[in-house]
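Reader: Please give me a close look at the backbone and its odd places, beginning with one loop residue. Then go on to how the chain packs and where it leaves empty space.

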Amino acid sequence: IGLTLNRQGSPAAPPPPLPTPATPAPPVPAGVDLGIDGLAPYVTPNADFYRIDTALVVPRIKIEDWSLTISGMVNREVTITWADLVARPMVEHVLTLACVSNTVGGDLIGNAKWLGVPIRDLLAEAGPQTGADMVLSTSHDGFTAGTPLEVLTDDRQALLAIGMNGEPLPYEHGFPARLVVPGLYGYVSATKWVTELKVTTFAQDEGYWTPLGWSALGPIKLSSRIDVPRRKVPVGDVIIAGVAWAQHTGISKVEVQINGGSWQAAELAPVTGPDSWRQWTYTWVGAPAGNHMITCRATDADGASQETAVAPPAPNGAAGLHSRTVTVG
């Protein structure tokens, strides 16, 4: 959903250095990145991370001009300045973000290490009132997203983020601050250049995309993707590899099917946690010459299988199994 930004705002001073996290991300286990040529890296570099926005020009907000207000159905309105924010204990978390308009096998998805403050702590200071069930976040450019209050106050690491992959949040990705929320598509959760969190209800308010026909809740669907091979490979053993995600649940199994045959279990790489995608690989032994169809499917940590029925991105995310036709020979 939205527009991929190409235009930049006026030049601005570089973002300030990041504070040291009080709770660093756990060490990345050895082997999370299988190192296969053509396979998406476990951590997506900032410059390669997908960008989908409604802003026509990237906002260049000075930190002295930025603040975040928590308002609406709260016991007390709270305003947080940049100085207030960076003085708070920071948390690092590895988290995959995905766009609801990503097609099956598409690339509008990426994985990064984010640094920020838990949103639940900020909301607790304001004191959400009984009956509230949604937080309407507003961007500097006027974009809004409606996120279930429950998701922002449970034990997941939903963050007001200021850092990305060990660097200050790039302007293109929402500096000074943005939301990152495990388990939800970006259109209902990943507001960039965020300036307000309004505690409200789904009955009273709607995010930008909901009146245009998109689902109000936006949970990310279990999915998997084949990255390699793409077109032609020589006869013999063929490495098949890709990524799978079941955000905030985790991946327990990926299987590969060749030419409609039996499903074969792929090897899973280690992972930092259930909020990030997982690399997988399968060796097709003795692939014969000809054109072949390769398909993958994933199972999450709760035992649920990936949807096989094909669905378009609208209104709540694409579904179906990813397949590639490759030529061996």
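**Loops, cores and empty spaces**

Author: In this predicted model, N259 sits in the loop that runs between β14 (251–258) and β15 (264–265). The phi angle of N259 is positive, about 55 degrees, although this residue is not a glycine. N259 counts as partly exposed because its relative accessibility is 45%, and that class runs between 20% and 50%.

W193 can be set beside it. W193 also has a positive phi without being a glycine, here about 50 degrees. The loop that holds W193 lies between β9 and β10 (194–200). W193 has a relative accessibility of 2%, so it counts as buried; the limit for that class is under 20%.

The backbone has further points to check, this time at prolines. F175 and P176 are joined by a cis peptide bond, with omega at about 15 degrees. P176 is in the loop between β8 (167–168) and β9 (178–180). A cis peptide bond also joins V228 and P229, where omega is about 0 degrees. P229 belongs to the loop between β11 and β12 (232–233).

Another loop leads towards the packing. R76 is placed between β1 (67–72) and β2 (78–81). With a relative accessibility of 44%, R76 counts as partly exposed. Leaving aside residues up to four places away in sequence, R76 touches I70, A124, E125, A126 and G127. For E125 there is also a polar contact: its backbone oxygen lies 2.5 Å from a polar atom of the R76 side chain. R76 and P128 are 52 residues apart in sequence, yet their C-alpha atoms are 8.7 Å apart in space.

The contact between R76 and I70 brings in the core. I70, together with L85, W114 and L160, has the most contacts inside the largest nonpolar core, which has 72 residues. Again leaving aside residues up to four places away, the residues that I70 touches include V78, I80, L122, L123, L197 and V199. A second core of 21 residues is separate, and Y282, W284, A287 and V328 are among its members. In soluble globular proteins, nonpolar side chains tend to be buried together.

Next comes the empty space. The structure holds three cavities of 30 Å³ or more. The largest cavity has a volume of about 290 Å³. Its lining has 23 residues, and I52, D53, G186, A190 and K192 are nearest its centre. That lining is made up of twelve nonpolar, six polar and five charged residues.

The second largest cavity has a volume of about 110 Å³. Among the residues that line the second largest cavity are C99, N102, Y185, K221, W245 and G317. By class, its lining divides into seven nonpolar residues, four polar and one charged.

Pockets are open, whereas a probe that fits in a cavity cannot get out. The largest pocket has a volume of about 280 Å³. Of the 19 residues lining the largest pocket, A40, D107, R225, D227 and W277 lie nearest its centre. Strand β11 (residues 223–228) gives the most to this lining, namely three residues. Nine of the lining residues of the largest pocket are nonpolar, four are polar and six are charged.

Key
Residues numbered from 1 in each chain as written. Predicted model: local features only at pLDDT ≥ 70, side-chain atom pairs only at ≥ 80, totals over all residues. Heavy atoms only, no water. Core = buried A, V, L, I, M, F, W, Y, C linked by side-chain atoms within 4.5 Å. Buried < 20%, exposed > 50% of the residue type's maximum accessible area, 1.4 Å probe, protein only. Contact = heavy atoms within 4.5 Å. 1 Å grid on protein atoms, 1.4 Å probe; cavity = no way out; pocket = protein on both sides within 12 Å on 5 of 7 lines; lining within 4 Å. Points joined across faces, edges and corners; volume = space filled by probe spheres on them. Helix = DSSP H or I, 4+ residues; strand = E, 2+ residues; numbered from the N terminus. Nonpolar A, V, L, I, M, F, W, Y, C, P; charged D, E, K, R; others polar. Polar contact = N/O pair within 3.5 Å; in protein donor to acceptor, adjacent residues only side chain to side chain.
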